[in-house]
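Trainee: Please take one part of this model and go through it closely. I would like a connected account of how its side chains are linked, not a list.

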Amino acid sequence: MRSRIALLAAALATALATMTAVVTAATPASAATLTQVTNFGTNPTNLQMHLYVPDRVAAQPALLLALHYCTGSGPAVHSSFGLSTLADRYGFIVIYPSVTRSSKCWDVSSPQALRRDGGSDPIGLKSMVDYVRGRYPVDANRIAVGGFSSGAMMTNVMAGLYPDLFNAGFSSSGVPFGCFATTNGAEWNSECSGGRIVRTPQQWGDLVRNAYPGYTGKRPRMQIWHGTTDTTLSYVNFGEQIKQWTNVQGVSQTPAYTDSPQASATRTRYGGTGGTAPVEAISFQGYGHSIPFDAAQAVRFLGLDGTSPTTPPPNPTTPPPNPTTPPPGGTAGPLRNVNAGRCLDVPARSQTNGTQVALWDCNGGTNQQWTPTAARQLQVYGTKCLDAEGAGTTSGTRAIIWDCNGGTNQQWNINSDGTVTGVQSGLCLAPNAGGTANGAQLVLSTCNGTNSQRWSRS
């Protein structure tokens, strides 16, 4: 059995090495360093803990528990997936744990690990979160967990065992809670990895509920990622996770919203249409165990991008944009598209984060009143900002509303030629495909000088 686990772990390492190459991000341009913490509390399986605290931490920082893949480590996730770069931007703290057993896989199989406070790895992971909360003024409403492959499996376990602790999670190429369960001491469950364990939503949901009997409180929102040709952990597990978490959340399995946030990607949302729906699922057509995971999309879903650091960010590696127009500032008013003659509008006067803005007949409503600020924001309702979704910088990125947080993806130049361009991307705000009808959705688009990309303040 040990040799079989070793072979499976080796295959998984090969797949994850490819994933790392796909999503590698630059090491944070920051003086902050990854620090190992010892004696953090009860730790029955001898886990290691590394902690990343940005130089400029928020007054009430969010907290992310980031879990590695088989054969991986916390420091490897820190250096490879861009989470610490986003921690620098938004001022949240990241815990990077590491398994020390030979396989470097998380225990998501044993009866102890699948029962609240039952033992094994979850106990040590919970101790790490408690340690940080005891030393930093962590925002209790923004504690999240996420992971990759084996770490994705453990994400589902931690979200199931400690729903009163975690508010959201992301599972990248994982399996449902309880799918890997064994009773013979084996770490690997080939029936689950091969996609041969299929249950009803109720059965999957009961596995989660029975792990913490009697609990009736809130459950973490869940974001699920997977490639359609995954042979390490079958794509079947993507659908089974959707079944599980929609049932746990008590929402329909029928998507409330579908779009394509990245090339080859299909995103579905369940129980809501906005960016913080109870369940969000992203599948990549033609990708295997290595997928183009987007850390910014994960951080957005987790709600970790809602607060800026209390002091200016660390010295950047490149100078800030130097636009030809001065910082905007002024009173509230409409933004009318020159080509369509219709106004920039928040549909149905929604105040839900993630709502995509659109064109609509100008009517003077509060959902059409945009205030340019000295910080280059375009505010609506006084608290929401025009936002490039997921800090996207490519043509087609959706223009949405989100809580104002000071991010560069919420900064805009109102230019003398009538264009509105994103400070971060340099792209123009425009109706998708040049649409002019009521409801035409707004996106970022390569500037082309047409009236479709020009706006007037009247």
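**Links along the chain**

Mentor: Cys70 is buried, because its relative accessibility is 2% and the cut-off for buried is under 20%. Keep in mind that the model is predicted. The sulfur of Cys70 is joined to that of Cys105 in a disulfide, with an S to S distance of 1.9 Å. The torsion about this S-S bond is 125°, and the link of Cys70 and Cys105 is right-handed. In sequence the two cysteines are 35 residues apart, and the pair links distant parts of the chain. Cys70 sits in the loop between strand 3 (63-67) and helix 2 (74-80), whereas Cys105 sits in the loop between strand 4 (93-98) and helix 4 (121-133). Cys105 has a relative accessible area of 6%, so this partner is buried.

How many disulfides does a search of the whole structure find? The count is five. Number the bonded cysteines of the protein chain in sequence order, and the pairing reads 1-2, 3-4, 5-6, 7-8, 9-10.

Another of these links joins Cys343 to Cys362, at 2.0 Å from S to S. Its torsion about the S-S bond is about 100°, so the disulfide of Cys343 and Cys362 is right-handed. Cys343 belongs to strand 12 (residues 343-345), and Cys362 to the loop between strand 13 (358-360) and strand 14 (371-372), so the disulfide ties together parts that are 19 residues apart in sequence. The strand end of this link, Cys343, is buried at a relative accessible area of 0%. The loop end, Cys362, has 31% and is partly exposed, because partly exposed covers the values between 20% and 50%.

The loop between strand 12 and strand 13 deserves a short stop. Most residues other than glycine have a negative phi. Ala348, which is not a glycine, has a positive phi of about 60°, and this residue lies in the loop between strand 12 and strand 13. Arg349 lies in that loop, and its phi is positive at about 55°, although Arg349 is not a glycine. Ala348 has a relative accessibility of 79%, so it counts as exposed, while Arg349, at 49%, counts as partly exposed.

Further along the chain, a disulfide joins Cys428 to Cys447, with 2.1 Å from S to S. This link of Cys428 and Cys447 is right-handed, with 105° about the S-S bond. Cys428 is in strand 20 (residues 428-431) and Cys447 is in the loop between strand 21 (442-445) and strand 22 (455-456), so the pair ties together parts 19 residues apart in sequence. Cys428 is buried at 0% relative accessible area, whereas Cys447 is partly exposed at 39%.

Now for charged side chains. Side chains of opposite charge can pair when their charged atoms come close. Over the whole structure, a search finds 16 salt bridges. One of the salt bridges is between Arg196 and Glu191, at 3.2 Å from N to O. Glu191 has a relative accessibility of 40%, so this residue counts as partly exposed.

A salt bridge between Glu280 and Arg269 has its closest N and O atoms 2.7 Å apart. Glu280 is in strand 10 (residues 279-284) and Arg269 in strand 9 (residues 265-270), so this pair ties together parts that are eleven residues apart in sequence. Are the two partners buried or exposed? Glu280 has a relative accessible area of 0%, so it is buried. Arg269 is likewise at 0% and counts as buried.

Asp403 and Lys384 form a salt bridge as well, in which the closest N and O atoms are 2.5 Å apart. This pair links distant parts of the chain, with Asp403 in strand 17 (residues 399-403) and Lys384 in strand 16 (residues 384-388), 19 residues apart. Asp403 is partly exposed at 30%, whereas Lys384, at 9%, counts as buried.

Which residues are joined into one network by salt bridges that share partners? They are Asp259, Arg267, Arg269, Glu280, Arg300, Glu389 and Arg398. The pair of Glu280 and Arg269 described above is therefore within this network, as the names of its members include them.

Key:
Residues numbered from 1 in each chain as written. Predicted model: local features only at pLDDT ≥ 70, side-chain atom pairs only at ≥ 80, totals over all residues. Heavy atoms only, no water. Salt bridge = Lys/Arg side-chain N within 4 Å of Asp/Glu carboxyl O. Buried < 20%, exposed > 50% of the residue type's maximum accessible area, 1.4 Å probe, protein only. Helix = DSSP H or I, 4+ residues; strand = E, 2+ residues; numbered from the N terminus. Disulfide = S-S within 2.5 Å.
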